[in-house]
2 protein chains.
Amino acid sequence: MALVVQKYGGTSLANANKIHAVAERIARAVGSGDRVVAVVSAMGSTTDDLIALAKRVNDRPSPRELDLLLSTGELVSSTLLAMALGSIGVKAVSLSGAQAGIRTNASHGQAKIADVEPHRICYELDRGRTVVVAGFQGITDEMDVTTLGRGASDTTAVAVAAGLQAQRCEVYTDVDGIYTADPRLVPDARKLDEISFEEMLEMASYGAKMAPRSIELGMVYGIPIVVASSFVEAPGTLIHSGACMNTNVTEMRNRVSGIATDVDVAKITVLGVMDRPGVSAALFEPLAAADVSVDVIVQNAGEGGATDLTFTVKKSDLSKALDVVNKTSKQIGNRGVVSDDNLAKISIVGTGMREGSGYASRMFRALADRGINIEMITTSEIRITCIVHRARVAEAAQALHASFELEKPGG
Amino acid sequence: MALVVQKYGGTSLANANKIHAVAERIARAVGSGDRVVAVVSAMGSTTDDLIALAKRVNDRPSPRELDLLLSTGELVSSTLLAMALGSIGVKAVSLSGAQAGIRTNASHGQAKIADVEPHRICYELDRGRTVVVAGFQGITDEMDVTTLGRGASDTTAVAVAAGLQAQRCEVYTDVDGIYTADPRLVPDARKLDEISFEEMLEMASYGAKMAPRSIELGMVYGIPIVVASSFVEAPGTLIHSGACMNTNVTEMRNRVSGIATDVDVAKITVLGVMDRPGVSAALFEPLAAADVSVDVIVQNAGEGGATDLTFTVKKSDLSKALDVVNKTSKQIGNRGVVSDDNLAKISIVGTGMREGSGYASRMFRALADRGINIEMITTSEIRITCIVHRARVAEAAQALHASFELEKPGG
């Protein structure tokens, strides 16, 4: 009798019929003897609809008020799922983030979980009830409702699993697992049976559909995560700590696991920046203050005390970022600011890269053979990322997929 | 600098424009130096929409889940109003029922307020903020969300006013005050400048648009209530304790204040019930258990140990009530059950009736002169109610309005 946390996303709960389908799936798990805690996102486009409603009364709504408003989306889906479970004879109770003991700091809109106090969840489980927790939300010490940021119901689910020391966290979504590459770009992309936390963290950060924070939590607290489809019955992909569960460790670690792509990329280059201490801080602090998330940063060492500084942001943040940079760039002395909003990120990810060599050169060769120009390069221990033109990203993904033979299981 | 609680209903908050209009009204009160706590209902038809959504997943949703679901309606309107206030420079904060300290018992769907713990409201007021409280909801000792029943945002408002010892509670709605009769039935009905709690309690219970519980609370805690339109600037009607505020007490107490009508009435008569102890309990306990609210009860003393027992229920509850009565009436022995769902209640209300006489005969005479048949009669100290056919209710109201000269101010 396992204790399992299941997470269901908004598309899986978009209407009454889909909510019933989710209830049936939970009922099967309960019927097989598992104790289940379900964590839910808001139905369909609810969150976007509520944001639009807020903007109609105030262009810049108070983050505190916006959080309390947005939290209603998950209250609606969680109560409806509990009712749907009741209608098929599964005793169930819904809990708000506050009731479920999701304590956070007070950073409205992007709060961080400080602690999970699962007394109430445990009490309800002990009474034989299935618990439905409203994801995405928590509560501060002052009893103010917070939200954890976009996609953060995944994070709620893994945090609850950690708090309960659950056997695993199952994330049900509209894809049936983690693929070697985006199947829309690479037709022969292959579903992975398993992937390590570290690899998934890189994949998630670089385009795959999982909140990186949730992967990080799973890694820290050792909670295996299964990503699977909420619409079909299929095994999905197991994300785990690697060593103890993988039957062919050596082979796994010896290769690239997958290709992550992200087409929401723009870059800004500040030309001829004075090469002196404090320049980067002067540039990036105002961006952080304006809530622009900067991703890849590359500084090209120049000559004569001046350098070019290039960084990427989300395409949707470009105009806001340019406003900030144009203001601050005057203070740091430069020869102009240029930008490009037609870019994409493509990354190869694999723990094997930590010990092997030749991955970078093989990647650059594969792209060069197709005549794909590399704008920027950045690497981590288990990832190599290139910025390319958006129009070439599918071709680039296919080239890398073939070059690293990802279509072959266990390759 | 008065501390004022203002309550806004769902029609006053039905869309972004109306929410802005409410914000402007609050801003004027704040600008004039008042400290304001606003209590809000859900926007427009939100509550009905949520109930319909619940029914789509479960015919008989758990009351506990339904309460948590319905509570989101007021969270949405309260956060939006706080945002709208912010957009015009009024510092504001919204509070859920739980945050506002509305403690209730655990009777989901019709919870009673046990206490108001206004620490958080006071804290926010002390910081110079206008507070917007989600009406209609509260929280149990077990931190479960409850709702207080239909129309109960009025009750929240008066309870908060009592908890804060506010100077008054202003209820803004789609009518501009309390009338001597329903203006749709009686064209020359007159808006009352003031009315006593006791009279208003009878008016509210017998058809006027106020939750009787809110009037009762105002009466017990001595909170003057002003009912006024949220759409136009006009004085409205003051509901108060009478004695100390009324300039022409004698005259007031010497007459009928208003006519209450209610067209949602059906009656059930159980014929030839055995006249022995326990019969009434045997009949009405199962009705209470089935959540049927019984209103007027009349028992006609019969001969030979049998009696006819007639009572009224809401028209919408008739079929449910008949199901219950048909089952239980066999146990209590009777000669059949008959019903009529084409009835209305009409009442004359006035504290003056307590001391005067001749009101009942004058009422019956006015109805008789129009040939309007009286089906049932029931009285309280300050009210006389007749059940008549629904088709005749407008005519009855006009006849009584004329007979008691209610068109004349201070008459």
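1. Let's start with the layout of chain A: its domain assignment gives domain 1, residues 3-174, and domain 2, residues 259-403. The C-alpha centres of domain 1 and domain 2 of chain A are 35 Å apart. Please keep in mind while reading on that this is a predicted model.

2. Now for the overall build of chain A. Twelve helices and 18 strands are found in chain A. Its radius of gyration is 23 Å, close to the 22 Å that the globule rule gives for 411 residues, so chain A is as compact as a globular protein of that length. Along the principal axes, the C-alpha trace of chain A spans about 75 × 55 × 35 Å.

3. A word on how chain A is packed. Of its 411 residues, 51% are buried. If you take the contacts in chain A between residues at least 6 apart in sequence, 75% of them join residues at least 24 apart.

4. The two chains are neatly related. A turn of 180 degrees and a shift of 0.1 Å along the axis lay chain B on chain A with an RMSD of 0.1 Å. That is the relation of a two-fold axis. If you want a landmark, look at B:Thr72: in chain B, its C-alpha is the one nearest the axis, at 2.6 Å. Both copies use the same surface, as 100% of the contact residues of chain B recur in chain A.

5. Next, the contact between the chains. Chain B brings 26 residues to it, and chain A brings 26 residues. On the side of chain B that touches chain A, helix 1 (16-31), helix 2 (46-57) and helix 3 (63-87) of chain B each supply at least two residues. Helix 3 of chain B gives the most to this side, with 13 residues. Sorted by class, the side of chain B that touches chain A has 15 nonpolar, nine polar and two charged residues.

6. The nonpolar core deserves a look as well. In soluble globular proteins, nonpolar side chains tend to be buried together. Here the largest nonpolar core holds 246 residues, and A:Leu81 and B:Leu81 touch the most other members. Setting aside neighbours within four places in sequence, B:Leu81 is in contact with B:Leu13, B:Ile19, B:Val22, B:Ala23, B:Ala38, B:Val40, B:Ser94 and B:Val132.

7. Two loop residues of chain A are worth finding on your screen. A:Arg150 sits in the loop between strand 8 (145-147) and helix 5 (153-164) of chain A. A:Arg150 counts as exposed because it has 11 C-beta neighbours inside 10 Å, and the cut-off for exposed is 12 or fewer. The C-alpha atoms of A:Arg150 and A:Gly350 are separated by 26 Å, with their positions 200 residues apart along the chain.

8. The second is A:Gln167, in the loop between helix 5 and strand 9 (168-173) of chain A. With 15 C-beta neighbours inside 10 Å, A:Gln167 counts as partly exposed. Apart from neighbours within four places in sequence, A:Gln167 is in contact with A:Ala2, A:Leu3 and A:Val4. From A:Gln167 to A:Gly9 the C-alpha distance is 21 Å, and these two residues are 158 residues apart in sequence.

9. Helix 12 of chain B, residues 393-403, has these buried residues: B:Val393, B:Ala396, B:Ala397, B:Ala399, B:Leu400 and B:His401. What do the buried residues of helix 12 of chain B pack against? They pack against strand 13 (258-274), strand 16 (337-349), helix 11 (359-369) and strand 18 (383-389) of chain B.

10. One last backbone detail, to check in both chains. B:Glu405 lies in the segment after helix 12 of chain B, and although B:Glu405 is not a glycine, its phi is positive, about 50 degrees. B:Glu405 is exposed, with 11 other C-beta atoms within 10 Å. In chain A, A:Glu405 is placed in the segment after helix 12 (393-403). A:Glu405 is not a glycine either, and has a positive phi of about 55 degrees. A:Glu405 counts as exposed, with 11 C-beta neighbours inside 10 Å.

How values were computed. Residues numbered from 1 in each chain as written. Chains lettered and ligands numbered in written order. Predicted model: local features only at pLDDT ≥ 70, side-chain atom pairs only at ≥ 80, totals over all residues. Core = buried A, V, L, I, M, F, W, Y, C linked by C-beta atoms within 7 Å. Buried ≥ 20, exposed ≤ 12 C-beta atoms within 10 Å, placed from the backbone. Contact = placed C-beta atoms within 7 Å. Helix = DSSP H or I, 4+ residues; strand = E, 2+ residues; numbered from the N terminus. Nonpolar A, V, L, I, M, F, W, Y, C, P; charged D, E, K, R; others polar. Rg over C-alpha atoms; globule rule 2.2 N^0.38 Å. Domains from an automatic or database assignment. Least-squares fit on C-alpha atoms with pLDDT ≥ 70 in both.
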